[in-house]
Amino acid sequence: MRNRFITPPRLVFTITLAAIALHAFAVGHYVAISDIPGALWQPDPASFGQIYVYFSIVPRFLVALLAGGALAFTGVIFQQLLKNPLAEPSTLGILSGAQLAITLLSLSAAAVTAGEREIAGLVGGLVAVTLVAGLGKASNFAPMTLLLCGMVISFSAGSASVILALFHHEYLRGVFIWGSGSLIQNDYSNATALALRMIVLIPLLLLFFRPLSVIGLDESRARSLGLSPGGLRAVVLFIATVLSAVVVARVGVIAFVGLAATNLARIVGARTLRQRLLWGGLLGAGLLLLADSLVLAGAPVVGEVPTGTATAIIGAIVMLVLIKHVPHSIDQLNSNALNQRENSLAGCFLLPGSLAIAAVIALFSLTESFIAGGVETSVLFAGRWPRVLTSASAGAMLAIAGSLTQTITRNPIASPEGLGISAGAGLGIIAAFFAGGMASPILPLAGGITGAVAAFAIILLVAKGKSYAPGPVLLSGIAISALATAIISLIVASGDPRASYILAWTMGPTFRATTFVASIAAALVLIGLAISPLLRRPLEVLALGDSTARSLGLNPARSRLVLLLFIAVLTGAATVIVGPLSFVGMMAPHIARAAGARGQILTLLTASAVGATLMISADWLGRAADFPYEIPAGVIAAFIGGPYFLWVIRSRGRQSPRF
Amino acid sequence: MSDARYPNRDYRLTRRQFTAGLASVFLPAVATASTETRRLAVLDWGWAESLLALDYKPFAVAEAPLYGDRVVTPALSTDTIDLGLRSWPNVELLRALKPELIVSQAGYGISAERLGAIAPTLALPLYGPARQPLLAAEHALKEIARRIGREERATDYLELSYSRLDAIAHNAKDYDGRALLIIKFTDDRLIDIYGAGGLFDDVLKRIGIANAWDGKTNNWGFATAGLEAIARYPEARLVIIEPGPPGLFLQSALWNALPAVRNGRVSMIPPTWVFGAFPSAMRFAEVLRQSLGIA
Amino acid sequence: MVQISEDSRTRTISRIPLFELERASFSVGTRVLLDPLTISLPARRIIGLIGHNGSGKSTLIKLLARQNPLSGGKICFDGKDLHEWGSRPFARKVAYLPQQAPDTAGMLVSELVALGRYPWHGALGRFGLEDKTRVEEAMRLTDVARYRARFIDTLSGGERQRVWLAMLVAQNPDCLLLDEPTSALDIAHQIDILTLVCRLVDERGLGAIVVLHDVNMAARFCDEILALHCGKLIARGGPEDIVAPDQLQAIYETRMGVMRHPDSGLPLAYPRS
């Protein structure tokens, strides 16, 4: 896609010009035009306007340029290193890891200096990137694996941050403001710190320029050229992560700038590594400046919007658009053979066995009285059965959706949460609250399902051109999820007293289930279970690939569409109950298969029993762990699911090099 | 078992306390004139403090340990049972405790219908379309008093409070008459500014001091903005709710360039619960009076 | 018109053409992969498609199989425009084997062959006696019956290809479209598979269009050969006509010589440069 008219220099110039114009407009509120030069050079101490321009707006301008440039620069490096056009600090989970670390730091100490924040952010970012790179290496850096890992880490770290916010949101409001990526400055300290670090780190990275160009080739070729790819990767990853973490610690979570800038640069003609580093970096600086100038100019009208939220929203849209231009190589999702046991004897006992386990755990949860001793069992039961039934239903729904997702994406670790439908449901729930208040429980239910359907429609729009192939669908999921995360940060940062109530709703408060909700959930599961066996043949045929499916007379696109719709409804309903982050949809089918289930339908049914068990357990844990404070079940499931997912990727990667 | 959340308290719902609370269910109902033994579960701090103002001890309050840090006075006794989050208390615990009355804030947290299934519920609004939380707090106080049979107490309390407010209003005439900007720092860059629709604003109206902030406020009566918002009201006096900005910030050029700071028109007041009810309003009036140097 | 070939195969040829192409072409963006082609492909014979890499042979067979949509022109199968065929009716007539064998994780041989009946019973139909019979027959014909309870990924390459062919046979089509069914196999298995295809064509009266990269295999097994070059059809004829030095030079852009096979007398090509 080469458009001769739009070249990188012209693009950078236009964007920067627009940004400067908006800045001038914003500055005009504080200082008369004629005074601007004076304000920029030597502000009159008596005029607050001039002081403000000098001490707040100018540093903010500089910080936007520096941070945007650094994020884009590291984005190019990550993309080159990991051979993945969508790699950047946010998609690799570095930003979430840094945020979690800084959140934990803020909890343990009253006042935190910027330097301490940097160190914490660095630690968090390094942990995240080590996990992602380590797991990616095991599967030979398959692009989708990296993105999935990054997404899982973002989810897990994000859910940890959110759960901290649930109970400490008054302490953590400051952290969430930072987490939303506000670029407001009070002095030049951040600008100077950033500049100093960039002066050191960027030339350091450029030292590796030549080896980096070579690493675009595969491992064996690189080695035959005399390079040690493993060591090189480690060093460069480390330095690039340091730079990203430093930016994040000073400025907050600014997602997608790297992604947008680097891909935009590529689209308008920057091809070689050198061109991408140069123009990508400049575009990044310009784009962040533009985003910030929009926020600045809009503040008197719209109020304070953190720039990070703006970039997340714009970036998510950009990413959804970019999916159409992602090269096909990213679509290579080779799933390797699953661990199959030769004897299917286990299969006979598997389904009844898993159902029995589910029943036992349900009974336990319904009647246990460790904490609330001395209350009659029947009273306990009466109070608890809605939440237990709801949890079980949601778990089963997610498990069904997960089995189907894994089949149609032909990826054994795909998850319906990755489809972005659950994130869309979360957004719908939030929207419902701001629209209707806490009036009735029907509202969030309706909002959630609407949100899920809307996200589904977006996926349709974006992935239609690629006949709903797995790659684009997962990518749009990442984009929508990032959007949801940004908005949640915004809510907590706003200090709205409803924040914790709303936050909990998006996390899956099974404890809020009423008998009405429980009945609906159970009905949906039963319908889902009844429909599933009818899907067996299309699923089996689809599993053989598009060509074979077409040859057998099945229209792959249409079949996937119908299946996606089914998945969307189930996921949407389940999300309203257990929130978007539970990973049960990934875990349950995987556990079922690991236990020996074979064949589409047996796996699906076993998985629903497993999923129900997981959610019932999570619900119980949420109740018992911090009595009387309730931890939403979805979050607990995510705590288990995230590491489990990562462990699965690791062990799969070890088994076979191809992923 | 101490908890980082509640640095001032060493608290946890122990089995002992729980069973003690539970046991009281089975205590024979003491038929006395004083209704001290009525078991009240309170889900909102504003109503908890209202009860305390009526000399009545609620036996269970949501997020009881945190109350001491945020609301401070009137003080809650240490053996108050913790009901869980204010936005969603533990329903099972509520059910087990079998309270005689549940007091909640209408439109927040668990709906009144659901609570009604557990025990008789009094859901009182604080933030309604009228946007007058002080008035709502007054109505609520009266209603609570009626329910627990302390109407006289309430009447006395309100009379006292209003005459106190009038006294402050009278003395405030000696105050230099500047409008106030009441702010709280969320971090060193963003501030909450309290305006129309909030408790503090109602108090200001009552004591006749102007609130400088005329911008939009949200449902709870505050707005969040950067420092430049303060600069729009150069003549106003700044009232900062502790803790203020970090020391480093107080020395910065930006802070000192603010007209209010330059001319020394800054006052600090100790933490006051802005989302509270009548007692919080009175506390605010007192600390404000003190810090402004009004008699 | 009856063609008699060197070995004892005789085959009658139906008069109704299987596929009729009329200026059928395919392009991606500005790249033309197949120039407008007008041709008629008869039924009940084995037609080989040969050509250099990127000559358009895979493209052509995918167009016939309705895997890719036409960019221009039209194709008729059995007298009816491809567009007018429903998915399953067409699948009951034409079976396609793609070049990349898809992943068959955890599938038994019998299960895969049974899937070949999908165009007949569909998503919800019963798997009846007729279906069972066809599956058994297919497995017998392709000699994979003894593997029926094995996982496909435990079989060798040659055995796997036979299983795929069994699935296609179970589909009970009138025509087989095979895209390079032998490229990943050793010579013994190549011969094995192509012999099987011959047998199927003989015993069941199928038509087969096979993309082959080895011209000698094409000469040995095909009744007719179509040669493509840069998206255009440059030669069409029997093995004798195609396997000639000047033709081969034009097709593969390489100097080739031709000799006679000592046993069968069929033409054999060898590179000369």
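# A guided tour of chains A, B and C

Begin with chain B of this predicted model, where the average pLDDT is 81 and 87% of the residues score at least 70. Colour the chain by confidence and select residues 1-16 of chain B, over which pLDDT stays under 50. For this segment the model has 22 contacts beyond four places in sequence. Next select residues 22-35 of chain B, where the pLDDT is again below 50; beyond near neighbours in sequence, this stretch has 8 contacts in the model.

**Chain A against chain B**

Keep chain B displayed and add chain A. Their contact involves 41 residues of chain A and 43 residues of chain B. To find the chain A side, select α3 (48-82), α6 (143-179), α15 (377-408) and α19 (499-507) of chain A, each of which contributes at least two residues to it. Colouring that side by residue class shows 23 nonpolar, 12 polar and 6 charged residues.

**Inside chain A**

Hide chain B and colour chain A by domain. The domain assignment places domain 1 at residues 14-327 and domain 2 at residues 345-655 of chain A. Where the two meet, 41 residues of domain 1 of chain A are in contact with 42 residues of domain 2 of chain A. On the domain 1 side, select α5 (114-138), α6 and α13 (307-322) of chain A, which each supply at least two residues. Then single out α6(A): the largest share of this side, 21 residues, comes from that helix. By class, the domain 1 side comprises 27 nonpolar, 12 polar and 2 charged residues. The helix α6 of chain A has already appeared on this tour, as one of the elements that supply residues to the side touching chain B.

**Chain A against chain C**

Now bring in chain C. Here the contact draws 20 residues from chain A and 22 residues from chain C. Select α21 (536-542) and α22 (546-551) of chain A, the elements that give two or more residues to the chain A side. The residues of that side divide into 8 nonpolar, 8 polar and 4 charged.

**The open sheet of chain C**

Show chain C alone and select its strands β4, β3, β6 and β7. In that order these 4 strands form an open sheet with antiparallel pairing. At the edges stand β4 (31-42) and β7 (80-81) of chain C, each with a single partner strand, so one side of each has no neighbour in the sheet. Move inward to β3 (residues 17-28) and β6 (residues 72-77) of chain C, which run antiparallel and are joined by 5 bridges. Within this pairing, Glu22(C) has Lys74(C) in β6(C) as its bridge partner. Add helix α1 (residues 57-64) of chain C, which lies across β3, β4 and β6 of chain C and runs at about 120° to β3(C).

**Gln247 and the hairpin of chain C**

Continue along chain C to helix α10 (residues 245-252), and select Gln247(C) within it. Is this residue buried or exposed? Gln247(C) is buried, because 20 other C-beta atoms lie within 10 Å. Beyond its neighbours within four places in sequence, Gln247(C) is in contact with Ala235(C) and Ile242(C). A distance label to Ala227(C), 20 residues apart in sequence, reads 9.2 Å from C-alpha to C-alpha.

Finish at strands β13 (residues 256-260) and β14 (residues 267-271) of chain C, an antiparallel pair with 5 bridges. Gly257(C) stands opposite Tyr270(C) in β14(C). The two strands β13(C) and β14(C) form a hairpin with 6 residues between them. In the turn, select Gly265(C), which has a positive phi of about 80°.

Note on methods. Residues are numbered from 1 along each chain as its sequence is written. Chains are lettered from A and ligands numbered from 1 in the order in which they are written. This is a predicted model: local features need pLDDT of at least 70, side-chain atom pairs count only at pLDDT 80 or more; totals for chains, interfaces and linings use all residues. pLDDT is the predictor's confidence in each residue, from 0 to 100. Two residues are in contact if their C-beta atoms, placed from the backbone, lie within 7 Å. Ala, Val, Leu, Ile, Met, Phe, Trp, Tyr, Cys and Pro count as nonpolar, Asp, Glu, Lys and Arg as charged, and the others, Gly among them, as polar. Two strands pair if DSSP finds at least two bridges between them. Axes are lines fitted to C-alpha atoms, for helices over the stretch in contact, and angles run from 0 to 180 degrees between N-to-C directions. Domain bounds come from an automatic or database domain assignment. A residue is buried if 20 or more other C-beta atoms lie within 10 Å of its own, exposed if 12 or fewer, and partly exposed in between; C-beta atoms are placed from the backbone.
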